[in-house]
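Reader: Hello, I'm new to this structure and would love some help finding my way around. Could you pick a single part, look at it closely, and then show me how the rest fits around it?

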Amino acid sequence: MSEHIVSPRVYVSILLLLMVGTGLTVFAAFYDFPGPLNAVVALTIAVVKATFVILYFMHVRYSSRLIWLIISAALFWLAIMFALTVSDYWTRAWLPAM
Amino acid sequence: MPEGLATTHEAASHNALQHHFENMEQQREAATLGMWVFLVTEIMFFGGLFLAYTLYRYQYPAAFATASNHLDIRLGAINTVVLIFSSFTMAMAVYSTQVGNRRNSIICLLLTIVLGLTFLGIKAVEYHDKYTDNLIPGQLIPGHPFHPEVAAPGDTDEHKLHLVPGATVRNVELFYWIYFAMTGMHALHMIIGVGLLLVLTIMAWRGRFSPEYHAPVEITGLYWHFVDIVWIFLFPLLYLLGRHLEGHMG
């Protein structure tokens, strides 16, 4: 597999996209969404921005399956750490007071 | 070595090719793979910090909103833009090296260093602001404990804490522990990154890189972009969540 060279034009598009995302997240932060939606909106924008950085700046879109596997494994283990810990803290209040 | 033994391997070899690799392609793939494995450990490391943030934010939302609102959103946003721009110049440095443009790759590496240092400078200004507002948690600075002034209702002094209903100063201090741990670890990674970039610049200056050999630029780029991604999450989590509550404060 020969190396894929990402063109500067793609890099410029990603740069503009990231700038728009940054503006959007600052703008959205001052808007009072119902419930926990402010956090959801902020995190969604952050995840989208990070995905573009990973796929294009970090060339993962053009990388081997092995690299994809390693990144997926990292995210999977991160999800385990969050899911198990958060489920503990979240459900503690469900117990009757002792 | 007898001339008869000059194999095809020998003929195609590059002076940067290590003997345990078949060719430059394989060597570069291995370097990229190794860097990603390292970044996995970094993801888990920062993941732990993000998890701590999540748990305490869930337990003390009012204190976290209070502390978030005290951070300088302008400096935070400017730093986000600076860091994203540095990721772009880093990507361009990789591109310039890949196409063998030595001059442009040196320029891009230097720009990345300058932007990285700009980020650290702005971060230092922010840290100093927190110092003068007595918001350095615990006894991190001996003789200068955490003791912010709490604003009375109606007081608009930006240097005082404007407690959101339900927030306590003690829990605001908890936020600042997390803030300094996370941004401090991030800044340390930036400092290491700037050091790596300096080495790369010298190597590029000496003409060590070529379209065949540029793995060091490539994998340092991966590291730099990773540090950028950490900040992409830190900025909204630390600076932005809780802003919408500003209008609700007494």
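Author: Happy to help! Let's begin with one word that we will need: a residue is called buried if 20 or more other C-beta atoms lie within 10 Å of its own, exposed if 12 or fewer do, and partly exposed in between. Please also keep in mind that this is a predicted model.

The part I have picked is chain A, together with the side that it turns to chain B. By the count above, 19% of the 98 residues of chain A are buried. Chain A has 3 helices and 0 strands, and from the N terminus on its elements follow the order α-α-α. Its radius of gyration is 19 Å, while the globule rule gives 13 Å for 98 residues; the value is well over the rule, so chain A is more spread out than a compact globule. You can follow that in the box filled by its C-alpha atoms, which is roughly 65 × 35 × 10 Å along the principal axes.

The domain assignment divides chain A into domain 1, residues 1-62, and domain 2, residues 64-93. Taken over C-alpha atoms, the centres of domain 1 and domain 2 of chain A are 21 Å apart.

One residue of chain A deserves a stop on the way: His59(A), which sits in the loop between H2 and H3 of chain A. Is His59(A) buried or exposed? It has 21 other C-beta atoms within 10 Å and therefore counts as buried. The backbone is worth a look here as well. Most residues other than glycine have a negative phi. The phi of His59(A), however, is positive, near 65 degrees.

Now to the side that faces the partner chain. In all, 36 residues of chain A are in contact with 35 residues of chain B. On the chain A side, the elements that give two or more residues are helix H1 (8-29), helix H2 (37-57) and helix H3 (65-92). H3(A) supplies the largest share, 12 residues. What kinds of residue make up this side of chain A? By class there are 29 nonpolar, 5 polar and 2 charged residues.

Let's zoom in on one helix pair. H2(A) packs with helix H7 of chain B, residues 215-240, at an angle of about 170 degrees, and their axes are 10 Å apart. Angles over 145 degrees count as roughly antiparallel, which means that H2(A) and H7(B) are roughly antiparallel. From H2(A), the contact uses Ala42(A), Ala46(A), Lys49(A), Ala50(A), Val53(A) and Phe57(A). H7(B) brings His225(B), Asp228(B), Ile229(B), Ile232(B), Phe233(B), Pro236(B) and Leu240(B). Sorted by class, the residues of this contact are 10 nonpolar, 1 polar and 2 charged.

H7(B) leads us over to the partner chain. Chain B has 7 helices and 0 strands. Its radius of gyration is 23 Å, well over the 18 Å that the globule rule gives for 250 residues, so chain B is more spread out than a compact globule. The C-alpha atoms of chain B fill a box of roughly 90 × 35 × 30 Å along the principal axes. Of its 250 residues, 37% count as buried. Among contacts in chain B between residues at least 6 apart in sequence, 75% join residues at least 24 apart.

Ala31(B) gives an example of how far apart in sequence two neighbours can be. It lies in helix H2 of chain B, residues 24-59, and its C-alpha atom is 6.6 Å from that of Ala215(B), although 184 residues separate the two in sequence. Beyond the residues up to four places away in sequence, Ala31(B) touches Ala215(B) and Ile219(B). With 17 other C-beta atoms within 10 Å, Ala31(B) is partly exposed.

Ala67(B), in helix H3 of chain B (residues 61-70), is buried, with 27 other C-beta atoms within 10 Å. Leaving aside neighbours within four places in sequence, its contacts are Val172(B), Phe175(B) and Tyr176(B). Ser96(B) is 29 residues from Ala67(B) along the chain, and their C-alpha atoms are 43 Å apart.

Finally, chain B also has a residue with a positive phi that is not glycine: Asn134(B), near 60 degrees. Asn134(B) is in the loop between helix H5 (102-132) and helix H6 (169-205) of chain B, and with 15 C-beta neighbours inside 10 Å it counts as partly exposed.

Conventions
Residues are numbered from 1 along each chain as its sequence is written. Chains are lettered from A and ligands numbered from 1 in the order in which they are written. This is a predicted model: local features need pLDDT of at least 70, side-chain atom pairs count only at pLDDT 80 or more; totals for chains, interfaces and linings use all residues. Domain bounds come from an automatic or database domain assignment. Two residues are in contact if their C-beta atoms, placed from the backbone, lie within 7 Å. Helices (H or I, at least four residues) and strands (E, at least two) are DSSP runs, numbered from the N terminus. Ala, Val, Leu, Ile, Met, Phe, Trp, Tyr, Cys and Pro count as nonpolar, Asp, Glu, Lys and Arg as charged, and the others, Gly among them, as polar. Axes are lines fitted to C-alpha atoms, for helices over the stretch in contact, and angles run from 0 to 180 degrees between N-to-C directions. Angles under 35 degrees count as roughly parallel, over 145 as roughly antiparallel, 65 to 115 as roughly perpendicular and the rest as oblique. The radius of gyration is taken over C-alpha atoms; the globule rule is 2.2 Å times the number of residues to the power 0.38.
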